[in-house]
Amino acid sequence: MRFNKIRKVISFSILIFIISTASPVFAQSQSAQNRNFPDSPAQGTTELNQNIRGSGVPNVAIQITEPQSGREVAFSVRLLLLLTILTLAPSILILVTCFLRFSIVLDFIKRALSLQQVPPTSVLNGIAFFMTIFVMWPTFTKVYDNAYKPLSENAITIEEAYQQAEAPLRMFMYGQMSGDTSYIKMFMNMAKLDKPNTLADVPTYILVPSYILHELTVAFKIGVILYIPFIIIDMVVASILMAMGMMMLPPVQISMPFKLILFVLVDGWGLLTQQLFNSVIR
């Protein structure tokens, strides 16, 4: 016990000696650093390069004024209608072209082959889109030559350009329904209009929904015809599996490879594309 106390006293004495020795040295180093530190901040000048020019930000001003004449009111209304048409342009082009028929038929063939993920829906829509451009190119050319080009050259007004652009599309839609005008008659009766004698007597707001229903009907007819051979394969495979006692095995899992083999051997994509083209361009 006495030895432990003596050791603690010696250790405490050594610690005090080290602190007392180091304090003057630390103070001397701090005073040296203070002498080296400048009393005032350094002085200097900065010059900008005169060859560098700042980027100018234009002023944006929005001014709302009341129309001073009826012409200004009409221009504002026409501008609003034009923006509305541009917003609805994708939907309008989808519904008044053959894109609707192509996209539905391609989706039918995907379901008939019992395919879930391939080809993706975006790929099928892309195929339908470029096939539509290919088929509708003569119509689009007429719209460009008769409506857009004269309007850009200020040769015709907006109203005349609309009429010139509407005419080729109306001819195309009516040409697809030349053998079946039942939907036109139905919409004419619902609108309580007289029986039309020519295409000029059919308003556009009657022709467009009639064309849409006609395209849906034709697309579903083609889809049913495409389903028939693949349904036969499913029935044959299901009958064979039931005869072998494999009732727990899904028939679709076995029939899908056979349907794909049949579709590839008969060049299904080529035949489908050619028949869709022939169904539009007679």
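F220, at 46% relative accessibility, counts as partly exposed, since the limits used here reserve "buried" for values under 20% and "exposed" for values over 50%. This value, like the others below, was computed from a predicted model.

**Aromatic pairs**

A pair of aromatic rings is described by the distance of the centres and the angle of the planes. The count for this model comes to 7 aromatic pairs. One of them joins F108 to F220 in an edge-to-face arrangement, with the ring centres 5.3 Å from each other and 80° between the planes. This pair links distant parts of the chain, for F108 belongs to helix α3 (residues 99-112) and F220 to helix α7 (residues 204-243), with their positions 112 residues apart in numbering. F108 has a relative accessible area of 17% and is therefore classed as buried, the limit being under 20%. F108 and F220 also belong, together with Y227, to one aromatic cluster.

A further edge-to-face pair is formed by F129 and F130, where the centres lie 5.3 Å apart and the planes make an angle of 75°. F129 is partly exposed, with a relative accessible area of 43%, whereas F130, at 59%, counts as exposed because its value is over 50%. The two edge-to-face pairs described here are set out below.

| Pair | Centre to centre | Angle between planes |
|---|---|---|
| F108 and F220 | 5.3 Å | 80° |
| F129 and F130 | 5.3 Å | 75° |

**Helix α9**

Helix α9 (residues 268-280) has 13 residues, which at 1.5 Å a residue should span 18 Å, and its end C-alpha atoms are indeed 18 Å apart, so the expected and computed lengths agree. The buried residues of this helix are G268, L272, L276, S279 and V280. These residues cover an arc of only 95° around the axis, which means that they lie on the same side of α9. The buried residues of α9 pack against several other helices, namely α3, α4, α5, α7 and α8 (251-265). Among these partners, α3 holds F108 and α7 holds F220, the residues of the edge-to-face pair described above.

**The loop between α4 and α5**

T157 is placed in the loop that runs between α4 (121-152) and α5 (158-176). With a relative accessibility of 40%, T157 counts as partly exposed, because this value falls between the limits for buried and exposed residues. The C-alpha atom of T157 is separated by 9.5 Å from that of A147, a residue 10 positions away along the chain.

Note on methods:
Residues numbered from 1 in each chain as written. Predicted model: local features only at pLDDT ≥ 70, side-chain atom pairs only at ≥ 80, totals over all residues. Heavy atoms only, no water. Helix = DSSP H or I, 4+ residues; strand = E, 2+ residues; numbered from the N terminus. Buried < 20%, exposed > 50% of the residue type's maximum accessible area, 1.4 Å probe, protein only. Phe/Tyr/Trp six-rings, centres within 6.5 Å; stacked < 30°, edge-to-face > 60°. Expected span 1.5 Å × (residues − 1). Arc of directions from axis to C-beta. Contact = heavy atoms within 4.5 Å.
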